[in-house]
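Got your viewer open? Let's take a walk through this protein, one selection at a time.

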Amino acid sequence: MKNKNNIMNFITSMLVTLPSSKTLTVGWNFGSMLGMVLMFQILTGTFLAFYYTADGSAAFGAVQYIMYEVNYGWIFRLFHSNGASLFFIFLYLHIFKALFMMSYRMKHVWSSGLTIYLLVMMEAFMGYVLVWAQMSFWAAVVITSLLSVIPVWGPSIVMWIWSGFGVTSATLKFFFVIHFLLPWGLLILILLHLIFLHSTGSTSSIYCHGDYDKICFGPEFWNKDAYNLAFWIVFFVFTLLYPYKLGDPEMFIEADPMMSPVYIVPEWYFLFAYAILRAIPNKVLGVLALLMSIVIFYLFIFINNYTSCLNKLNKLLVYSFIISAVFLSWLGQCLVEEPYTMLSPVFSVIYFVLILLIMMMYYFSKKLFI
């Protein structure tokens, strides 16, 4: 029986009565884990914002104040910084699972998910800059300068973001405001993502959307989502034992606009894209390749194939793609010298070729059965 409260009906339809395939495995937990991590990041980030100062002369000191003076500030800061890595771990697992299950057949879900991914990358980059340390400051200089390749308006856009002729306190304030507001917009986009998903149903492990194996989401899948607690326990233990393992030593040095680090390396979750950028000497082509490393996945929505899937071949191609992305991530943190400068273009080409092969497999598998 339906409740008269429309909001309660909506929540119930999303969490209880939602028809879900009974063949969903723990791999489908990645999406729910991402929702949990996002709420965790918003909570810890809000507490950090109470004590943060968005000013070039005080930002680095404000972070130290949070770490040493604010009661339990250190634990909020460590959970928030390592929480970004946790988010990207499950984001990549979520994307890889979608590639394995050919979830790009659900066009609206796929395109909204990719948009969320791009916005999360921007969100993480801006949060990284807020520490105002050597590595984050110069990462801001390098990444924002890439926008200058945009024809006609590029230099003006860069100066607008910088709010001047370089990365200054005004830039930091701009990044802080965007970093604080963007997660609330992401919540709306994620809700839209879920509505699209629930209108079509998840791609199950038997590669179909049929109604013949559906059960209610709750309470069956609530129990399965409880497995997420194991991941949280591992995260808390890792953060408390190895809080800076995923960071860079340059993040402990205050930003100095007069002296750059020996070599600039982004956080681990951007390394594959950074390797592609460095692999191409031409700045315009490098930025274009960097952008296409994500945007190329939007092309999947232009192919219609709901009749067949070569799942064995697809798994081979996706596993190969994951291996190439891991190699690119390793090359992204290597020095700019041989043999790394030779390997980066090779694996960049492999990265794009494998994506095109997955698209071709997806397109021509339909032709084989017609």
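Select Q134 to begin: is Q134 buried or exposed? Turn on the surface and check: Q134 is buried, because its relative accessible area is 2%, and under 20% counts as buried. Keep in mind as you click around that this is a predicted model.

**Stop 1: around Q134**

Q134 belongs to helix α6. Now show what touches Q134, skipping its neighbours within four places in sequence. You should find E250, I253, E254, A255, D256, M259, S260 and P261 in contact with Q134.

**Stop 2: the whole chain**

Zoom out and switch to a cartoon view. The protein chain has 14 helices and two strands. Of its 370 residues, 47% count as buried. Take the contacts in the chain with a separation of 6 or more: 80% of them come from residues 24 or more positions apart.

**Stop 3: two helices that cross**

Colour α11 (residues 271–279) and α13 (residues 311–332). How do you describe a pair like this? Two packed helices are described by the angle between their axes and the distance between the axes. For α11 and α13, the angle is about 70 degrees and the axes are 7 Å apart. An angle from 65 to 115 degrees counts as roughly perpendicular, so that is the label for α11 and α13.

Which residues make the contact between α11 and α13? On α11, pick L271, F272, Y274, A275, I276 and R278. On α13, pick A325, L328, S329, L331 and G332. Colour this contact by residue type and you get eight nonpolar residues, two polar and one charged.

**Stop 4: a serine in α13**

Stay on helix α13 and select S324. S324 is buried, with a relative accessible area of 2%. Look at its side chain: a polar atom there lies 2.6 Å from the backbone oxygen of F321. Then hide the neighbours within four places in sequence, and what is left in contact with S324 is F347, I350, Y351 and L354.

**Stop 5: aromatic rings**

Show the rings of Phe, Tyr and Trp. How many aromatic pairs does the count come to? The count comes to 47 aromatic pairs.

Start with Y52 and F176, a tilted pair with 5.3 Å centre to centre and 35 degrees between the planes. Y52 sits in the loop between α2 (29–49) and α3, while F176 sits in helix α8 (residues 169–200), so this pair ties together parts that are 124 residues apart in sequence. Y52 is buried, at 13% relative accessible area, whereas F176 is partly exposed, at 21%.

Next, select F137 and W138. This pair is edge-to-face, with 5.4 Å centre to centre and 85 degrees between the planes. Both F137 and W138 are buried.

**Stop 6: backbone oddities**

Switch to sticks for the backbone. A bit of background first: most residues other than glycine have a negative phi, and most peptide bonds are trans.

Go to Y72, in the loop between α3 (59–68) and α4 (73–100). What is phi of Y72 near? Phi of Y72 is near 60 degrees, a positive value in a residue other than glycine. Y72 is exposed, with a relative accessible area of 59%.

Now jump to V152, in the loop between α6 (134–145) and α7 (154–162). Phi of V152 is positive too, near 70 degrees, and this residue is not a glycine either. At 70% relative accessibility, V152 counts as exposed.

The next pick is P339, in the loop between α13 and α14 (340–368). Find the peptide bond from E338 to P339: this bond is cis, with omega near 0 degrees.

**Stop 7: far in sequence**

For the last selection, pick A226 in the loop between α9 (220–225) and α10 (228–241). A226 counts as partly exposed, at 37% relative accessibility. Add M33 to the selection and draw a line from C-alpha to C-alpha. A226 and M33 are 193 residues apart in sequence, and the line between their C-alpha atoms spans 9.9 Å.

Methods
Residues numbered from 1 in each chain as written. Heavy atoms only, no water. Axes fitted to C-alpha atoms, helices over the stretch in contact; angles between N-to-C directions. Helix = DSSP H or I, 4+ residues; strand = E, 2+ residues; numbered from the N terminus. Parallel < 35°, antiparallel > 145°, perpendicular 65-115°, else oblique. Contact = heavy atoms within 4.5 Å. Nonpolar A, V, L, I, M, F, W, Y, C, P; charged D, E, K, R; others polar. Buried < 20%, exposed > 50% of the residue type's maximum accessible area, 1.4 Å probe, protein only. Phe/Tyr/Trp six-rings, centres within 6.5 Å; stacked < 30°, edge-to-face > 60°. Polar contact = N/O pair within 3.5 Å; in protein donor to acceptor, adjacent residues only side chain to side chain.
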